[in-house]
Amino acid sequence: MAPKMKAAMKAMKAMKATAMKGKAMTKTGLAEALASSTELSKKDCGAVLESLATICAAEVKKTGKLTIPGLVMVKTRKKPATKAGKREMFGKVVLVKAQPAKTVVKAYPVKALKDNF
């Protein structure tokens, strides 16, 4: 096996191992954690999360970029349209349909979050 393949396999095993450690925190779990660390009620924390989601969605749609300090940067990216035709995939020629241009949302961890790991 090539050294690149071994490195890729090792990385995939590491990702699977971290994924199996535990379940992701739900919105309710996050609201409970916020309520226990602050003086707010669980209901208020849930409302804060709801408003944060709507504000973030509106801001990303309007400006194309949003940063939540210490956590994540969300950007939009325009993917160009693709033409219809034949493409070779895994050694087989496949007919593909034309796709329109679309805007994709991408999220990147900020440096402060990366430094925690």
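Partly exposed means a relative accessible area between the buried range, under 20%, and the exposed range, over 50%. Keep that in hand for the exercises below, and remember that this is a predicted model.

**Exercise 1. Work out how Lys27 and Glu50 are paired, and say whether each is buried, partly exposed or exposed.**

Step 1: start with the atoms. Lys27 and Glu50 make a salt bridge, with 2.1 Å between the closest N and O atoms.

Step 2: place the two residues. Lys27 sits in helix 2 and Glu50 in helix 3, so the pair ties together parts that are 23 residues apart in sequence.

Step 3: sort them by accessibility. Glu50 has 42% relative accessibility, so it counts as partly exposed. Lys27, at 45%, is partly exposed too.

**Exercise 2. Take the salt bridges Lys62–Glu59 and Lys111–Asp115, and find where each pair lies.**

Step 1: get the distances. For Lys62 and Glu59, the N to O distance is 4.0 Å. A salt bridge asks for a nitrogen within 4 Å of a carboxyl oxygen. For Lys111 and Asp115, the N to O distance is 3.0 Å.

Step 2: put the pairs on their helices. Lys62 and Glu59 are both in helix 3, 3 residues apart, or about one turn of the helix. Lys111 and Asp115 belong to helix 4 (residues 111-115), where being 4 residues apart separates them by about one helical turn.

Step 3: check the exposure. Lys62 is exposed at 65%, while Glu59 is partly exposed at 27%. Lys111 and Asp115 are both exposed.

Step 4: fit them into the total. The structure has 4 salt bridges, including Lys27–Glu50 from the previous exercise.

**Exercise 3. Describe the largest pocket: how much space does it hold, and which elements line it?**

Step 1: the volume. The largest pocket holds about 190 Å³ of space.

Step 2: the elements. Helix 3, strand 1 (65-68) and strand 2 (72-79) each give two or more residues to the lining of the largest pocket. Helix 3 supplies the largest share, with 4 residues.

Step 3: the residues. Among those lining the pocket are Val48, Leu49, Leu52, Cys56, Leu66 and Ile68. Leu30 is also in the lining, and we'll meet Leu30 again in the next exercise.

**Exercise 4. Find which residues make the nonpolar surface patch of about 260 Å², then look at the loops on either side of helix 2.**

Step 1: the patch. Met25, Leu30 and Leu34 make it.

Step 2: the loop before helix 2. Met25 is in the loop between helix 1 (3-19) and helix 2 (27-37). With 57% relative accessibility, Met25 counts as exposed.

Step 3: the loop after helix 2. Leu40 lies in the loop that runs between helix 2 and helix 3 (42-63). Leu40 is partly exposed at 43%. Setting aside neighbours within four places in sequence, Leu40 contacts Ala35 and Cys45.

**Exercise 5. Step back and sum up the protein chain: which pattern does it follow along the sequence, and how many of its residues, as a percentage, are buried?**

Step 1: count the elements. The protein chain has 4 helices and 5 strands.

Step 2: read them in order. The pattern is α-α-α-β-β-β-β-β-α.

Step 3: turn to burial and surface. Buried residues are 11% of the 117 in the protein chain. The accessible surface is about 10,200 Å², and 64% of that belongs to carbon and sulfur atoms.

Step 4: look at contacts. Of those between residues at least 6 apart in sequence, 35% join residues at least 24 apart.

Methods:
Residues numbered from 1 in each chain as written. Predicted model: local features only at pLDDT ≥ 70, side-chain atom pairs only at ≥ 80, totals over all residues. Heavy atoms only, no water. Patch = residues over 30% accessible without salt bridge, like charges linked within 9 Å, V, L, I, M, F, W, Y side chains within 5 Å. Areas by Shrake-Rupley, 256 points an atom, 1.4 Å probe, with all protein chains shown as cover. Salt bridge = Lys/Arg side-chain N within 4 Å of Asp/Glu carboxyl O. Buried < 20%, exposed > 50% of the residue type's maximum accessible area, 1.4 Å probe, protein only. Contact = heavy atoms within 4.5 Å. 1 Å grid on protein atoms, 1.4 Å probe; cavity = no way out; pocket = protein on both sides within 12 Å on 5 of 7 lines; lining within 4 Å. Points joined across faces, edges and corners; volume = space filled by probe spheres on them.
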